Amino acid sequence: MALCGENWTWHCDRVIPSDLALARRLLDELLARLEELHWSCRDIFGVHLAVDEALVNAVQHGNKRDVGKQLRFSWRVSPRKVRVEIIDEGPGFDPRCLPDPTVPERLACPNGRGVWLMKAFMTHVEYCGCGNHVVLEKERSD
Amino acid sequence: MPADTYLHVDLKDVGDVTVVRFRHHKILDDIDIQELGQELFRLVERDGRLRLLLDFSAVDFLSSAALGKLITLDKKVKAHGGTLKLSNIRPEIYEVFAITNLNRLFDIRKDEAEALAAF
């Protein structure tokens, strides 16, 4: 992942309480930057969906809805790329253990699609360390 | 909340089909999704409405948690011998259904007329 060398024109690094409403307001700021740069609706939809799923995972599964815990995140935007990092205080998980939600025997299961959607809509998704640190990147498609 | 008050959907009867139109542009917030699920499940389990058409024309964003409620609704409708169809889904959201293969689980139609004709 090329963090250095990319022409990041906007960034936001914050540590916030593990509050989904607050995190979503900050995500709206990121999406507004993409709109200003005239990213396509489809790309913005994909970033919105993927980052929201990552935030839900961090708040609900990582930090177990404990508002006393923190979320550490970083948004970076260049004209061609967006990069998001989210770190929670949970024990992490092994993403390789997640079952494929699209196979017929799991199709009617109501849960377990968040990471699948993140990978589908972003260019690159990586879990670091113990799995409580996710990095998502998307390259502009047009 | 009174039993017949719906915060998240509007209902329209077309013959014996109940057209359920989502009110909100985003189906995202955890509490809203829980309430939406209760309203949808109530249609089936309490009111006995077993031919449902979900109209997504107002919806421009939904999360995987919302998909989970739709899957549970589908199970409840089928368990009661009913039929569930979806229509008016914008392309970005249809892509969510396609990526997750849920376009194979749900009967998704282009618009209300096509969906009603398919009941």
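**Helix packing and two buried residues**

Modeller: Let's start inside chain A: helix H1 (residues 20-36) and H2(A) pack at an angle of about 160 degrees, and their axes are 10 Å apart. Bear in mind that this is a predicted model.

Biologist: OK, so how does H1(A) run relative to H2(A), roughly parallel or roughly antiparallel?

Modeller: Roughly antiparallel, because the angle of about 160 degrees is over the 145 used as the cut-off.

Biologist: And which hand does the crossing of H1(A) and H2(A) have, left or right?

Modeller: H1(A) passes H2(A) in a right-handed crossing.

Biologist: Which residues of H1(A) and H2(A) meet there?

Modeller: From H1(A), they include A:Leu20, A:Ala23, A:Leu27 and A:Glu35. On the H2(A) side, A:Ile44, A:Val47, A:His48 and A:Asp52 are among them. By class, this contact has twelve nonpolar, two polar and three charged residues.

Biologist: Switching to the other chain: what angle do H2(A) and H3(B) make?

Modeller: Helix H2 of chain A (residues 41-62) and helix H3 of chain B (residues 91-99) pack at about 50 degrees, with axes 10 Å apart. H2(A) and H3(B) are therefore oblique to each other, and their crossing is right-handed.

Biologist: Who touches whom between H2(A) and H3(B)?

Modeller: A:Cys41, A:Arg42, A:Phe45 and A:Leu49 in H2(A) meet B:Glu92, B:Ile93, B:Glu95 and B:Val96 in H3(B). Sorted by class, that gives five nonpolar, no polar and three charged residues.

Biologist: New topic. Where is A:Asn132?

Modeller: A:Asn132 sits in the loop between strand S4 (124-128) and strand S5 (133-139) of chain A.

Biologist: Is A:Asn132 buried or exposed?

Modeller: A:Asn132 is buried, because its relative accessible area of 17% falls under the 20% cut-off.

Biologist: Which residues is A:Asn132 in contact with, leaving aside its neighbours within four places in sequence?

Modeller: A:Ile86, A:Ile87, A:Asp88, A:Gly90 and A:Gly92. The A:Asn132 side chain reaches the backbone oxygen of A:Asp88 at 2.8 Å. As for A:Gly92, A:Asn132 is 40 residues from it in sequence, yet their C-alpha atoms are 4.1 Å apart in space.

Biologist: Last one: where does B:Ser64 lie?

Modeller: B:Ser64 is in helix H2 (residues 64-79) of chain B. B:Ser64 is buried too, with a relative accessible area of 14%.

Biologist: And what is B:Ser64 in contact with, leaving aside its neighbours within four places in sequence?

Modeller: Residues of chain A: A:Glu53, A:Pro110, A:Arg113, A:Gly114 and A:Leu117.

How values were computed. Residues numbered from 1 in each chain as written. Chains lettered and ligands numbered in written order. Predicted model: local features only at pLDDT ≥ 70, side-chain atom pairs only at ≥ 80, totals over all residues. Heavy atoms only, no water. Axes fitted to C-alpha atoms, helices over the stretch in contact; angles between N-to-C directions. Helix = DSSP H or I, 4+ residues; strand = E, 2+ residues; numbered from the N terminus. Parallel < 35°, antiparallel > 145°, perpendicular 65-115°, else oblique. Left-handed = near helix turned anticlockwise from the far one by under 90°. Contact = heavy atoms within 4.5 Å. Nonpolar A, V, L, I, M, F, W, Y, C, P; charged D, E, K, R; others polar. Buried < 20%, exposed > 50% of the residue type's maximum accessible area, 1.4 Å probe, protein only. Polar contact = N/O pair within 3.5 Å; in protein donor to acceptor, adjacent residues only side chain to side chain.
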